[in-house]
Amino acid sequence: MKIIHCKDYDDMSKKAAAMFFSQIHMKPDSVLGLATGSTPIGTYKQLIKWYEEGDLDFSEVKSVNLDEYVGLDGTNDQSYRYFMNENLFNHVNINKDNTNVPNGKAEDMDAEALRYEALIKSLGGIDMQLLGIGNNGHIGFNEPSDAFDSITHEVKLTESTIQANARFFETMDDVPKTAISMGIGTIMKAKKIVLIANGPKKADIIYETCFGPITPNVPASALQLHPDVTIIVDDEAYATILAKCGK
């Protein structure tokens, strides 16, 4: 596990984008695992900038997203399909037929989970997976629990996650209470993983992820077992790591 220390959010975003830039150049038909939320927006903006400058070509890239809210379709402005279109796909030359997000409107979520797992396998697996992290250590929507969920599955969101997402919806009643997410096992099969985190609220959980016990109570702690993980953090998160390590 490698930790890269950055000055601030912009620096973190550029360094994460640079890793995906290199991945696409080395393998133009890469399968990218993508994440949503506020943290990766800067990374996507940098990739768009390099595309607009003629330095990056997405024409052969394929993508699979981590998760989607149950009950929202891709036209809903709070769905993750909508997010990806607005923050990346609409601005680069990726073939949208090669972009994949779990179907939050599927009638049978168990069947949708199995379909998504089969899809990832059919693509040859994920070459590089981008992750954010929740304050409780969730990656994707794998919430703290008694066991690591291995494959794509429907998730009942914790109250803390629902509260964190509430700012994006008009009322609490509108906030989805469940989601469909890649499992920890699915994420761990990615060849390379890049986790980005910034700000003081993420500092403690990044320390637990990197140096705490491997436990489903901190889902991201499973990343300690992966052979190629890069964690990119800003000053505020890194200072806590140093302090807790006695440096």
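**Largest pocket, strand 6 and cysteines**

The largest pocket is lined by 38 residues, and those nearest its centre are Gly-37, Ser-38, Asn-165, Arg-167 and Phe-168; a pocket is here an open set of points on a 1 Å grid over the protein atoms alone, where a 1.4 Å probe fits, with protein on both sides within 12 Å along at least five of seven lines, and lining residues have an atom within 4 Å of a point. The model is a predicted one, in which local features need pLDDT of at least 70 and side-chain atom pairs count only at pLDDT 80 or more, whereas totals for chains, interfaces and linings use all residues. Residues are numbered from 1 along each chain as its sequence is written, and side-chain values use heavy atoms, with hydrogens and water left out.

The space in the largest pocket amounts to about 930 Å³, and its lining comprises 15 nonpolar, 18 polar and five charged residues, with Gly counted as polar.

Strand 6 (residues 128-131; strands are DSSP E runs of at least two residues, numbered from the N terminus) is covered on both faces, with Met-128 and Leu-130 buried on one side and Gln-129 and Leu-131 buried on the other, where buried means under 20% relative accessible area with a 1.4 Å probe and protein chains only. Strand 6 runs parallel to strand 2 (residues 31-34), to which two bridges join it, the minimum of at least two DSSP bridges required for pairing, and Leu-32 stands opposite Met-128. Strand 6 also pairs in the parallel sense with strand 9 (residues 192-197) over four bridges, with Gln-129 opposite Ile-193.

Zero disulfides are counted, a disulfide being a pair of cysteine sulfur atoms within 2.5 Å. Cys-6 is in none, the nearest cysteine sulfur, that of Cys-210, being 13 Å away.

Definitions and conventions
Buried < 20%, exposed > 50% of the residue type's maximum accessible area, 1.4 Å probe, protein only. Points joined across faces, edges and corners; volume = space filled by probe spheres on them.
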